[in-house]
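Open the model in your viewer and keep the selection box handy. We will go stop by stop, and each stop says what to pick and what you will find there.

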Amino acid sequence: MEHDIKAVTHIDNVKLSEDRSAVIIIDQTLLPNEVKYISLTNDKEMWDAINLLQVRGAPAIGICAGYCIYVLARQFDTEDYDEFLRRFREEKDYLNSSRPTAVNLSWALGRMEKVVTDNKGKSVQEILTLLEEECLAIHQEDIAMCRAISEYGLSLIHDGDGILTHCNAGPLATSRYGTGQGPLFLAKEKGVNIHVFADETRPLLQGARLTSYELSRAGVDVTLICDNMASIVMKNGWVQACMVGCDRVAANGDAANKIGTSGVAILAKYYGIPFYVLGPTSTIDMNCKTGGDIKIELRDPEEIKEKFYAKPMALPEVKCYNPSFDVTDHSLITAIITEKGICRPPYTESLAALFK
């Protein structure tokens, strides 16, 4: 296969239809075996797409949410501002219930709502025009954000390094290069030689299905490993840094990311390996004091027993605990990399400084 890094890093995984009547996404649940675009036109399709992980990754969810609420607002068929606002908030709350942990979802929806409330004196048609501009701006800002995060992250990578990553925070999860995996694509583009170990990321296999797919297609040297192999590759001296994305960062630096991330951080601490969390400032929730305040999404237990298996791998009566995320304590994080720069401990100070 001929590798084309631009085709991978610049993929249109979320976009508005040309007539602005639908949101078009790549159905990530079908990857890596099938690349299929689907069209979202009503709130149930949009809620399902986010909840069922057809679109996933905190930045991509934020972009999708902005587009979705705009498409829905176009359907309200009213010129009365109060009625428009009522229906807007109704749809906003509904979409926001699809994934409780990823802060980008509520951030993007809140940003779109502010356009409506800040322009009460304007006509509904004028507000719709402003909403369109805002959701497109969210997307364009994410593109710039990904590039900046990737540049800052690349500054921490050296030629010949082995990098371990968990879950997927590449182009499919964002809008361009990615956050957690962005520096890895940029390294390839700039001729920096690295080797990546991608955790498969049970139970939904985002590392296997998405990260190894993206990296391989871009020509990055990647080895897929089971989650429980992270320790041995670290012990072997094959890993010089860990880079992961994040779905929410608390004011003290505690970071929620895909289940299994905290285990990687603990291993990295033991082996003396830097552990970096990469994400946009929109993922930092300064109203959330610590990781203990982050609501962790619990998913269907059958994902553990049945998903991706031809037959169930456990008896029907066996109970399963299936949290979608865990929280990595700030004491385990070497640095948090944002589009505004690299934050280091104490995070209560360095993160707060980003918003001054």
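Start by selecting strand β5 (residues 195-199) together with β6: four bridges join them, and the two run parallel. Strands here are DSSP runs of E, at least two residues long, and helices are runs of H or I, at least four residues long, both numbered from the N terminus. Two strands pair if DSSP finds at least two bridges between them. For one such bridge, show Val 196, whose partner in β6 is Val 222. A word on what you are viewing: this is a predicted model, in which local features need pLDDT of at least 70 and side-chain atom pairs count only at pLDDT 80 or more, while totals for chains, interfaces and linings use all residues. Residues are numbered from 1 along each chain as its sequence is written, and side-chain values use heavy atoms, with hydrogens and water left out.

Now widen the selection to the whole sheet. Its seven strands lie in the order β6-β5-β4-β7-β10-β13-β14, with mixed pairing, and the sheet is open. β6 (222-225) and β14 (341-343) each have a single partner strand, so one side of each has no neighbour in the sheet. From one strand to the next, the twist averages 25°. Add helix α8 (residues 206-217), which packs on this sheet and touches β4 (162-165), β5 and β6; contact means heavy atoms within 4.5 Å. The direction of α8 makes about 170° with that of β6. Such angles run from 0 to 180 degrees between N-to-C directions, and axes are lines fitted to C-alpha atoms, for helices over the stretch in contact.

Next, pick the second sheet. It is open too, with four strands in the order β11-β8-β9-β12 and mixed pairing. At its edges are β11 (284-285) and β12 (325-328), each paired on one side only. Strand β8 (residues 248-250) runs parallel to β11, and two bridges join them. Look for Val 249, which stands opposite Ile 284 of β11. Helix α10 (residues 261-271) packs on this sheet, touching β9 (255-258) and β12, and makes about 30° with the direction of β12.

On to a helix pair: select α3 (residues 58-73) and α6 (residues 124-154). Their axes come within 9 Å and cross at roughly 170°. That makes α3 roughly antiparallel to α6, a label for angles over 145 degrees. Among the residues making the contact are Gly 62, Tyr 67 and Tyr 70 of α3, and Leu 131, His 139 and Met 145 of α6.

Keep α3 and swap its partner for α2. These helices pack at about 175°, with axes 11 Å apart. Show Asp 43, Met 46 and Ile 50 of α2 against Ile 61, Cys 68, Val 71 and Leu 72 of α3, which make this contact.

Which residues touch the most other members of the largest nonpolar core? In this core of 41 residues, they are Val 23, Ile 25, Phe 84, Phe 88 and Leu 131. A nonpolar core is a set of buried Ala, Val, Leu, Ile, Met, Phe, Trp, Tyr and Cys residues joined through side-chain atoms within 4.5 Å, where buried means under 20% relative accessible area (1.4 Å probe, protein chains only). The largest share of the core, twelve residues, comes from α3.

For a last close-up, centre on Leu 131. Not counting residues up to four places away in sequence, Leu 131 touches Tyr 70, Ala 73, Phe 84, Phe 88, Met 112, Val 115 and Val 116. Apart from this core lies another, of 26 residues, including Ala 230, Val 239, Ala 265 and Tyr 347.

Key: Parallel < 35°, antiparallel > 145°, perpendicular 65-115°, else oblique. Buried < 20%, exposed > 50% of the residue type's maximum accessible area, 1.4 Å probe, protein only.
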